[in-house]
Structure formats: structure tokens, C-alpha cells
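Grab a pencil and work through the exercises below. Try each task on the 3D view first, then go through the solution step by step.

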Amino acid sequence: MIKQQASGTESSTRRALLLRRCGAEAVGTYAYVFIGCGVKIAATNTNGTINLLLNALAFGLTLFIMTFALSHISAAPFNPAMTLGLAVSKRFPWRYVIPYWIAQCIGTIAASATHAWLLPKQARAGFYGATIPTVSYGKAVMIEVLITSFLMIVTLASSTDRRVSRAAIGLATGTTVAVCILFAGPLTGGSMNAARSLAPALFAGGAALKSLWIYWVGPLAGAILGALIYEGVRGGTRYATNIPEESAEKNEQT
């Protein structure tokens, strides 16, 4: 009887911890799309170069800030592709992947819904910050694969390698996102994040919705590629650590 009660308490604690971690993911992805796509919407009528710079900085800095704020709770992938890549690399629990994906998509959809409520005309004019390729579908997928693989490598290095300071996570990933957007923004929108592209496409419809598959196939494949590359060059599991931290889960159970 005592064992059953202990088991039930442990199970309840694990569920509560997962809910908090998913809540952090929803908040982080909400901020990422609300600020990032919000700046893109607001900058629709500005000079193209200025628009691109603002877009890159908005997404990069928001990722930096929210990673700093929430990485100790959920590890802050804020991205279905990064979540998958972390699991493929065996540095992240597979049982968290689907719950994290759901939370990430909920966060981004809520952000686009907020744009529709606060800035209906501007959001429609700016296609809700949607990612729409200006190159062929094949090239768009390849670009998203490559830039997402770079982001995955940086994410694994900064968040799961004992030789890299954990303080660098947000700065490293945020800078990578900004640089990749500077390159890929005019070509694919520089998504690297299926949830980021999902919400604006659902609200904008049309070409954004038609090309949405690119931003699932490309980033997910790129994350797997980046995970395999980094695990191949890491130099052994002795340098690796798992996330979210096991210590946080243990503390919740004591």
C-alpha cells in the first residue's frame, strides 16, 4: 500500500513537472512569434534591408532573452525541430517530444491570434509574418535543412556539452538564428522552426499555408542531420550531459 502511494505521488510529481516545462515552452514560443512576427508585420512597409535586419534581430534577441529566462525550467528548445534533434542525439527524453511539440504549437498559435486581435489590418497586410519561399520548393527545403542543421549543432554544443559554458546557450542560439535569417530571410523566410511557420500560415492562408510543409520537412530533417553531425564529432559521451537537468526532477520528488 505504501509503495503504491509512493508510486502515485512520484507519478503525480512527474506530471506536474512536465506541465510546468510545457508551460515554459508555450510561453517561450509565444514570445518568439509575438515579437518576431510582430516586428515583421510592423516593418512590412519599410525598406527591404531595414526589414530584414529588424526581422533577424527581433527573432534572435527574443530567443536569447527567453532562453535566459526559461532554459533552467524546460531547456528552452522552443522549436519542434530542436526538440526532435535533442531526442535523436539521446540528450533529451523521447517522452517529452510530443508534449513539447503541442505546447510549442499552442504558444505560436496564441501569438498569431493576438496579432489578429490587436493589429488585424497590419497583420493581414503583413501575412501575419508568414514564411513564404521565393525560390523553388526543392531549394527552399534544402536551405531550411542546412540552416536548421547549423542551429542544431550550436544548440547541442551550447546546451549539452560539458566543455561549453551553459551561460552561452541563449547568446549562441539567438545569434545563430539572426545570422541564418540574414542569409535565408529573402529566400525562405529563414524559419528553422515548424511551429514558428505554422501559426502565421494558419491565419494568413493562401501561399503561406500551401508551402507550410516545407517548414516541417526542412527543419525536422535539418535537426536530425545536425544532431548526427555533432554527436559524430563530439568526442564521446563523457563530454555530454542530458537536458532538462535530471537534478531538477529529483528536487521535485524530494
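## Exercise 1: Salt bridges

The structure holds four salt bridges. Before you start, know that this is a predicted model, where local features need pLDDT of at least 70 and side-chain atom pairs count only at pLDDT 80 or more, while totals for chains, interfaces and linings use all residues. Residues are numbered from 1 along each chain as its sequence is written, and side-chain values use heavy atoms, with hydrogens and water left out.

**Task.** Which side chain meets Glu231 in a salt bridge at 3.0 Å, N to O?

**Solution.**
- Step 1: Recall the rule: a salt bridge is a side-chain nitrogen of Lys or Arg within 4 Å of a carboxyl oxygen of Asp or Glu.
- Step 2: Look around Glu231, and you'll find the side chain of Arg91, at 3.0 Å from N to O.
- Step 3: Place the two partners: Glu231 sits in helix α10, Arg91 in the loop between α3 and α4 (97-118), and the pair links distant parts of the chain, 140 residues apart. (Helices are DSSP runs of H or I with at least four residues, strands are runs of E with at least two, and both are numbered from the N terminus.)
- Step 4: Check the cover. Buried means under 20% relative accessible area, exposed over 50%, and partly exposed in between, with a 1.4 Å probe and protein chains only. Glu231 has 23%, so it is partly exposed, whereas Arg91 has 10% and is therefore buried.

**Task.** Asp161 and Arg234 meet in a salt bridge too; are these residues buried or exposed?

**Solution.**
- Step 1: Find the contact between the side chains of Asp161 and Arg234, 3.6 Å from N to O.
- Step 2: See where the partners lie: Asp161 is in the loop between α6 and α7 (169-184), Arg234 is in the loop between α10 and α11 (246-253), and 73 residues separate them along the chain.
- Step 3: Asp161 counts as buried because its relative accessibility is 2%. Arg234 counts as buried because its relative accessibility is 2%.
- Step 4: Now follow Arg234 onwards: Arg234 also forms a salt bridge with Glu231, with the closest N and O atoms 2.6 Å apart.
- Step 5: Put the pieces together: Arg91, Asp161, Arg163, Glu231 and Arg234 are linked in a network of salt bridges.

## Exercise 2: Crossing helices

**Task.** What angle do the axes of α6 and α10 make where they cross?

**Solution.**
- Step 1: Two packed helices are described by the angle between their axes and the distance between the axes.
- Step 2: Axes are lines fitted to C-alpha atoms, for helices over the stretch in contact, and angles run from 0 to 180 degrees between N-to-C directions.
- Step 3: For helix α6 (residues 137-160) and helix α10 (residues 214-233), the axes come within 6 Å and cross at roughly 40 degrees.
- Step 4: Name the arrangement: under 35 degrees counts as roughly parallel, over 145 as roughly antiparallel, 65 to 115 as roughly perpendicular and the rest as oblique. So α6 and α10 are oblique to each other.
- Step 5: Add the hand. A crossing is left-handed if the near helix is turned anticlockwise from the far one by less than a right angle, and right-handed if clockwise. For α6 and α10 the crossing is right-handed.

**Task.** How are α3 and α6 arranged?

**Solution.**
- Step 1: Helix α3 (residues 80-88) packs against α6 at about 60 degrees, with the axes 10 Å apart.
- Step 2: That's why α3 and α6 are oblique to each other.
- Step 3: The crossing of α3 and α6 is right-handed.

## Exercise 3: Backbone oddities

**Task.** Where do you find Phe78 and Phe127, and what is phi for each?

**Solution.**
- Step 1: Phe78 lies in the loop between α2 and α3, and its phi is near 50 degrees, a positive value in a residue other than glycine.
- Step 2: Phe78 has a relative accessible area of 1%, so it is buried.
- Step 3: Phe127 is in the loop between α5 (120-125) and α6; its phi, near 55 degrees, is also positive in a residue other than glycine.
- Step 4: Phe127 is partly exposed because its relative accessible area is 49%.

**Task.** Which residues does the cis peptide bond join?

**Solution.**
- Step 1: Look for an omega of about -10 degrees: that cis peptide bond joins Ile243 and Pro244.
- Step 2: Pro244 belongs to the loop between α10 and α11.
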